[in-house]
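Biologist: Could you take me on a close look at a single part of this model, and then show me how its surroundings are put together? I would enjoy one connected account rather than a list.

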Amino acid sequence: MQKKLAVAILNWNGRNWLEKFLPGVVQFSQNADIFVIDNLSTDDSIEFLQKNFPTVKVIKNDKNYGFAGGYNEGLKVIPNEYYCLLNSDVEVTENWIEPIFELLEKNPSVSAVQPKILSYHNRNYFEFAGAAGGLIDNLGYPYCRGRVFDDLEEDKGQYNDETEIFWASGCCFFIRSKDFWEQNGFDARFFAHQEEIDLCWRLINSGKKIYYTGKASVYHVGGGTLNKQSAQKTFLNIRNNLSMMLKNLPFPQLIWLIFFRLCLDSVAGIYFGLKHGFPHLWAVVRAHFGFYGQLPGTWKLRQKNQKKEFYQSKWLIFRHFLGGNR
C-alpha cells in the first residue's frame, strides 16, 4: 500500500550531507516513502545513494533548477498525499513525523506545518531558518517566533505549543500535495529563498491555514548550500521579497509599501556595503533591477483576493534596530 507521506530531500552536490544525515531520516521515517531529488549533481551523490541506500528513491532533474524549481520538477512524479520537503543538512529526531501527520489528518483546513527547528551546532537555541514558526510585519519583513533578524532565542520550552503561523520554513516543510499543486507549487523564478513564504502567503489568501507544532523537533545546520554572508543570498532575499509583496499585498497598501521598501533597501545596501563589502551593496542594486525585470510577470500572478490584515507585527525593523526590541 502506498504510504501517505513522502519525505523529499533536494540535493545538489551534497553527498557529505546525505552521508551524515540520511541514515537518521531512514531510521525515523519508516512510515514514509523517502525520495532524493537531485539537481544534476556533479559529485558522486547518485552513486553513493544507489550503493548505500537502496530503499531511497532517486529522482534525477536534467539541470540545477534551484530550490524552488528543483522541488517543482521532482515532486511532479511523487504521488503521495502529503509532502515533507526536508533540507539535506537537517538532523531529524525519533518523533519528528507523527505529531505533524496527526495535525494534518485532523485539520483539513491546515495546508502546511513545520516543527520546532533548533540549531545543530548550538542545540539549546533556535535556528535562523524557521525557529518556532514564521511571521511577517507590516513592511513585509519575515521573522520567526524565536528569531528576530539575527537575534536567536534560547529554547526554554516557551514555544512548545501548537499554533497558527504565517509561514512554515522550507528547511522542514510539510504540505498537502493537493494544496501545493493548486497553487502551482513554488514560484520557480525565485530560484531559492523566500519561495516558501510566498507559497504560504498565497495559501492564506486562498483561505488555508499554516501551522507550527512544538511537539516535533529537528536540528538544522544552516548555510549548507549558500553561506549566510553570501552576496548572492542578499540578492535573492531582496529581489524575491519585493516580488512576493507585489504578488500578495492588498492593493491599497501595495504602492506606498513597495516604494517605501525600495527606499529602505537603499539604506540597507549602504549598511551591507560598509559591513560586508561592495559585493553586498551591488547585490542590492542587482536585486532591484531583477525585481523590475520580473515585474510584468509578477503582476500577472497576483491572486484575485489578498488578505488585508496579513501581518503580525508593525514597524519591526525600526523597533529592533532603533528601539532595541529583541
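Modeller: Happy to. A helix here is a DSSP run of H or I with at least four residues, and helices are numbered from the N terminus. Please keep in mind that this is a predicted model.

Let us settle on the nonpolar surface patch and the helices that carry it. The patch covers about 660 Å² and is made by Phe251, Ile255, Phe289, Tyr292, Leu295 and Trp299. Two helices each supply at least two of its residues: helix 8, residues 251–276, and helix 9, residues 278–300. Helix 9 gives the largest share, with four residues. On the helix 8 side, Phe251 is one of the patch residues, and it is found in helix 8. Phe251 has a relative accessible area of 48%, so it counts as partly exposed rather than exposed, the latter needing over 50%.

Helix 8 deserves a longer stop. The helix has 26 residues, and at 1.5 Å a residue it should span 38 Å; the end C-alpha atoms lie 35 Å apart, which agrees. Along the way there is a kink of about 25°, centred on Leu257. Leu257 is also among the buried residues of helix 8. The others in that buried set are Gln253, Leu254, Ile258, Arg261, Leu262, Leu264, Asp265, Gly269 and Gly273. As you can see, the set includes Arg261 and Asp265 as well as several leucines. What do these buried residues pack against? Their partners are helix 7 (231–248), helix 9 and helix 10 (316–321). Helix 9 therefore appears twice in this account: it packs against the buried residues of helix 8, and it supplies patch residues alongside helix 8. Just after helix 8 comes Gly277, with a positive phi of about 110°.

That positive phi invites a short detour to other places in the chain. Most residues other than glycine have a negative phi. Two residues here go the other way. Phe149 has a positive phi of about 50° although it is not a glycine, and it sits in the loop between strand 9 (147–148) and strand 10 (151–152). Asn184 likewise has a positive phi, of about 60°, without being a glycine; its place is the loop between helix 5 (177–182) and helix 6 (195–205). Are these two residues buried or exposed? Phe149 is buried, at a relative accessible area of 15%, whereas Asn184 is exposed, at 60%.

From nonpolar contacts we can turn to charged ones. The model holds 18 salt bridges when a Lys or Arg side-chain nitrogen must lie within 4 Å of an Asp or Glu carboxyl oxygen. One of them joins Lys4 to Glu105, with the closest N and O atoms 3.2 Å apart. Lys4 lies in the segment before strand 1 (5–11) and Glu105 in helix 4 (98–106), so this pair ties together parts that are 101 residues apart in sequence. Both partners are partly exposed, Lys4 at 37% and Glu105 at 36%.

Arg15 offers a second case, with two partners to follow. Its closest N to O distance to Glu19 is 2.5 Å, and these two residues both lie in helix 1 (15–27), four residues apart, about one turn of the helix. Arg15 is partly exposed at 22%, and Glu19 is partly exposed at 40%. Arg15 also meets Asp44 in a salt bridge, at 3.5 Å from N to O. Asp44 belongs to the loop between strand 2 (32–38) and helix 2 (45–52), so the Arg15 and Asp44 pair ties together parts that are 29 residues apart in sequence. Asp44 itself is partly exposed at 37%. Elsewhere, Asp187, Arg189, Asp198, Arg202 and Lys247 are linked in a network of salt bridges.

Let me end with a residue from the interior. Val56 lies in the loop between helix 2 and strand 3 (57–60), and at 7% relative accessible area it is buried. Which residues does Val56 touch, leaving out those up to four places away in sequence? They are Leu22, Val26, Ile34, Phe35 and Val36. Lys20, by comparison, is 36 residues from Val56 in sequence and 15 Å away in space, C-alpha to C-alpha.

Terms used: Residues are numbered from 1 along each chain as its sequence is written. This is a predicted model: local features need pLDDT of at least 70, side-chain atom pairs count only at pLDDT 80 or more; totals for chains, interfaces and linings use all residues. Side-chain values use heavy atoms; hydrogens and water are left out. Patches are made of residues with over 30% relative accessible area and no salt bridge: like charges are joined within 9 Å, nonpolar side chains (Val, Leu, Ile, Met, Phe, Trp, Tyr) within 5 Å. Accessible areas come from the Shrake-Rupley method with a 1.4 Å probe; for residues, only the protein chains shown count as cover. Buried means under 20% relative accessible area, exposed over 50%, partly exposed in between (1.4 Å probe, protein chains only). The expected span of a helix is 1.5 Å times one less than its number of residues. The bend at a residue is the angle between axes fitted to the seven residues ending there and the seven starting there. Contact means heavy atoms within 4.5 Å.
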